[in-house]
Amino acid sequence: MPEAVSQDKYIKAVMLLNDLTHIDSLIRQIEDDYNMTCLKVQPKGISYDKVGSSGNCTISQVEEIAVELEHLGHQKKKLIKKYAKEKAEIYHILNKMKTPEHVKVLLMLYSENLSGDEVAERMNYSRTWVYRVRRRAIEEFAEYMEDSYV
């Protein structure tokens with residue numbers, strides 16, 4: 001029987017798994033926000049305003065929007081890369097686990113965001129069984145977490 005994990009490490013494991021629940025929705029939200037920004041700022045034309053007697057032109061609204069979109073695009077890529085890395089780290093831990101049933105329950109609960117009842121129905125077990133296995137699965141997950149997560 002494996003050694004029991006500390007309460008602190010168990011809590012960190014739950015927090016990391018909860019991140020998995022939110023990562024995909026965060027990535028979708030970032031994509032949606034970027035796309036909405038693109039739709040909102042579609043310019044209708046270019047207009048330059050002369051400033052002073054030197055004849056210098058201000059940056060047009062179109063150019064300002066282009067710069068903002070470039071900045072947003074960079075932020076989008078950076079955030080998606082960060083979330084993809086976090087998700088990969090979680091899956092790396094899941095791949096280390098020895099009990100396929102534990103992995104399956106964790107993925108259904110935290111990646112697919114299913115309820116205990118939905119997992120029980122899919123796996124043809126009781127809800128009590130699902131939550132008992134979930135506890136053991138989180139303990140196993142915590143055992144494979146690197147010390148850097150604690």
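Reader: How does the end-to-end distance of helix α3 compare with the span expected at 1.5 Å a residue?

Author: This is a predicted model, and the check is a simple one. At 1.5 Å a residue, the 12 residues of α3 should span 16 Å, and its end C-alpha atoms lie 15 Å apart, which agrees. Helix α2, residues 61–96, can be read in the same manner: its 36 residues reach 52 Å from first C-alpha to last, close to the 52 Å expected.

Reader: Where do these helices stand in the order of elements from the N terminus on?

Author: The elements run α-β-β-α-α-α-α. In total there are five helices and two strands.

Reader: Which residues of α3 are buried?

Author: The general idea comes from the helix itself. An α-helix has 3.6 residues a turn, so residues three or four places apart point the same way. In α3 the buried residues are H102, V103, V105, L106, M108, L109 and Y110. The corresponding list for α2 is I65, L69, G73, K76, Y83, I90, I93 and L94.

Reader: What share of the residues in the protein is buried?

Author: Buried residues make up 28% of the 150 residues. A residue counts as buried when its relative accessible area is under 20%.

Reader: How do α3 and α5 lie relative to each other, and at what angle do they cross?

Author: An angle from 65 to 115 degrees counts as roughly perpendicular. The axes of α3 and α5 cross at roughly 105 degrees and come within 9 Å. The two helices are therefore roughly perpendicular to each other. From α3, the contact is made by E101, H102, V105, L106, L109 and Y110. From α5, the partners are W129, V130, V133, R134, R136, A137, I138, E140 and F141. Sorted by class, this contact has 10 nonpolar, one polar and four charged residues.

Reader: What is the angle between α3 and α4?

Author: Helix α3, residues 100–111, packs against helix α4, residues 116–123, at about 135 degrees, with the axes 10 Å apart. That angle makes α3 oblique to α4. The crossing is right-handed. On the α3 side E101, K104, V105, M108 and L109 take part, and they meet G116, V119, R122 and M123 of α4. By class, the α3 and α4 contact has five nonpolar, one polar and three charged residues.

Reader: What is the sign of phi at N113?

Author: First the general rule. Most residues other than glycine have a negative phi. N113 has a positive phi, near 60 degrees. This residue comes just after α3, in the loop between α3 and α4. With a relative accessible area of 53%, N113 is exposed.

Reader: What is phi of N124, and where is that residue placed?

Author: Phi of N124 is near 65 degrees, again a positive value in a residue other than glycine. N124 sits in the loop between α4 and α5, the latter spanning residues 127–144. At 72% relative accessibility, N124 counts as exposed.

Reader: Which residues does K98 touch, leaving out those up to four places away in sequence?

Author: The idea here is to look past the sequence neighbours. K98 touches E140 and Y144. K98 belongs to the loop between α2 and α3, and at 64% relative accessibility it counts as exposed. K98 and E140 are 42 residues apart in sequence, yet their C-alpha atoms are 8.4 Å apart in space. E140 also appears among the α5 residues in the contact with α3.

Reader: How far apart in space are N95 and F141?

Author: Their C-alpha atoms are 9.7 Å apart, across 46 residues of sequence. N95 is found in helix α2 and counts as exposed, at 65% relative accessibility. F141 is one of the α5 residues that form the contact with α3.

Reader: Is A84 buried, exposed or partly exposed, and how far is A84 from I27?

Author: A84 lies in helix α2 and is partly exposed, with a relative accessible area of 38%. A84 and I27 are 57 residues apart in sequence and 8.6 Å apart in space, C-alpha to C-alpha.

Reader: What share of the contacts between residues at least 6 apart in sequence join residues at least 24 apart?

Author: The share is 70%.

Key: Residues numbered from 1 in each chain as written. Predicted model: local features only at pLDDT ≥ 70, side-chain atom pairs only at ≥ 80, totals over all residues. Heavy atoms only, no water. Axes fitted to C-alpha atoms, helices over the stretch in contact; angles between N-to-C directions. Helix = DSSP H or I, 4+ residues; strand = E, 2+ residues; numbered from the N terminus. Parallel < 35°, antiparallel > 145°, perpendicular 65-115°, else oblique. Left-handed = near helix turned anticlockwise from the far one by under 90°. Contact = heavy atoms within 4.5 Å. Nonpolar A, V, L, I, M, F, W, Y, C, P; charged D, E, K, R; others polar. Expected span 1.5 Å × (residues − 1). Buried < 20%, exposed > 50% of the residue type's maximum accessible area, 1.4 Å probe, protein only.
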